[in-house]
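Colleague: Please give me a close look at a single part of this model, the metal site, and add what is known of the enclosed space in the structure.

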Amino acid sequence: MAHTLIRGGTVVGPTGSAEMDVLVDGEQVAALLRPGDMRLGVDLAAGAERVIDATGKYVIPGAVDCHTHMELPFGGTHASDTFETGTRAAAWGGTTTIVDFAVQRTGERVQDGLAAWHEKAAGQCAVDYGFHQILGGVDDDALKAMDELVAEGITSFKLFMAYPGVFYSDDGQILRAMQKARDNGSLIMMHAENGIAIDVLVRQALDRGDTAPFFHGTTRPWETEEEATHRAIMLARLTGAPLYIVHMSARQAVATLARAREEDLPVYGETCPQYLYLSLEEQLGAPGFEGAKWVCSTPLRSRAQGHQDELWQYLRTGALSVVSTDHCPFCLKEQKELGLGDFSKIPNGIGGVEHRLDLLYQGVVEGRITRERWVELCCTTPARMFGLDGRKGVLAPGADADVVVYDPAGHTSIGLGKTHHMNMDHSAWEGFEIDGHVDLVMSRGRVLVADGEYHGSPGHGNYLRRGPSAYLR
Ligand code: DUC
Ligand code: ZN
Ligand code: ZN
């Protein structure tokens, strides 16, 4: 593959920004050069066959979304994006790596769940992909499988304190999985909600006739997230295992996480754009059945209670380490509609794999985070957290040439018929206006998106065997 020079832009990384040209050789970054740099008297850039003009733009690492659910089976249906459609949408939005969740449901063999995920993804992905493994309960076989999977590059395991009978693990099971993770160097990811209490609240709400989507939120109150977060941290502390809590939405839960981090426990938290921008009152409380679009778990939280602003604050102070999407799209027609008249039957999930980089950039525009923190949250830390550092999330010699040219003077109007490439019949982000634009997306040296045109293809994306988390080495 030819040499490419991305010239004239400002390279933004987690520790700073500088006017630099990026020289790409084949699939990798060869060098970052000061404009006009002559190393040892050799003009390294002179031989570039292709020049991409990034004047006035930011040049950042391709974004890493470490939490997606392509084709997730849920509530009698499947998430509507396949690996083909979902990774294409990811590419459009500047995400060049996803880490999806292979699924073992209660009663299935872990290895069978993983094999099914490999089959779904192989030859389909437009961008590189890896897997975490969901454990739908923990028994002796699952514990053995954890060792096998770590050797295969699957170094993180998601457990659920919610969804009894589907994905749920009880405290004893969690304890055993954490002991195993401590011993084999893997990372436990936790869906921290008290599912046993939630199921009672859901039953009581339905019995009262409270069936609208809004009650999905009120039956998963912040106390159920905070309690589970606290319990998960205590079990991690007891076992000496590291812990990563996914999709945090309640400010009280993050406060608990922050206290544990102050005590130097190896516990980390992630949030998602929906918890930073959307709310119980405005979205879940939309008239009629419309709120179903935003039924996800953990749920959107009350703006009156100040969750959103406080989550932004936790992104600034470092209590929260990562922003992922928890991309789990369902169409309104025939999918979300399974819950007409009973919110508990609405499949849980929001699609957003395409929009995370833009949505978080709007946080830069509004002065909520710096542009360096934007890159850290969306690109660098997720790569480091999940054992992809060196290759992904960074622009440095030897790293994969996954590059986004981002125009801070551009504009993006999110919505159906505008910037929507996900396989859904609605956008959870309809009408959001972003003061920035993903101009060009490169994956391992290949331009996937440029000048509003898509040049990617299924099968370009490679499977990524991951190492241990850089935060645990
Ligand atoms: N939460 C969701 O909203 N969807 C899928 C699974 C989950 O934990
Ligand atoms: Zn979850
Ligand atoms: Zn999820």
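**The zinc site**

Modeller: Along the chain, the donors of the zinc ion (ligand 2) are spaced as K-x32-H-x55-H. The model is predicted, and the site is described here from its computed coordinates. Two of the residues concerned, K158 and H191, form a pair that joins distant parts of the chain. K158 belongs to strand 13 (residues 156–160), whereas H191 belongs to strand 14 (residues 187–191), and 33 residues separate them. Both K158 and H191 are buried.

Coordination of the zinc ion (ligand 2) by the protein involves NZ of K158, ND1 of H191 and NE2 of H247, at 2.1 to 2.2 Å. The site of this ion has 4 donor atoms, with angles of 83 to 128 degrees among them. Its geometry is classed as irregular, because four donors count as tetrahedral only if all angles lie between 85 and 135 degrees. For reference, the ideal angle for four tetrahedral donors is 109.5 degrees. A second metal accompanies this one: the zinc ion (ligand 3) lies 3.7 Å from the zinc ion (ligand 2).

As to enclosed space, a search of the whole structure returns 1 cavity of 30 Å³ or more. The largest cavity holds about 140 Å³ of space. Its lining consists of 17 residues, and those nearest the centre of the cavity are H69, Y163, S297, D326 and N348. Sorted by class, the lining of the largest cavity comprises 9 nonpolar, 6 polar and 2 charged residues.

How values were computed:
Residues numbered from 1 in each chain as written. Chains lettered and ligands numbered in written order. Predicted model: local features only at pLDDT ≥ 70, side-chain atom pairs only at ≥ 80, totals over all residues. Heavy atoms only, no water. 1 Å grid on protein atoms, 1.4 Å probe; cavity = no way out; pocket = protein on both sides within 12 Å on 5 of 7 lines; lining within 4 Å. Points joined across faces, edges and corners; volume = space filled by probe spheres on them. Nonpolar A, V, L, I, M, F, W, Y, C, P; charged D, E, K, R; others polar. Donors = N, O, S within 2.8 Å, 3.2 Å for Na, K, Ca; no water. Tetrahedral: all angles 85-135°; square planar, octahedral: opposite > 155°, others 65-115°. Helix = DSSP H or I, 4+ residues; strand = E, 2+ residues; numbered from the N terminus. Buried < 20%, exposed > 50% of the residue type's maximum accessible area, 1.4 Å probe, protein only.
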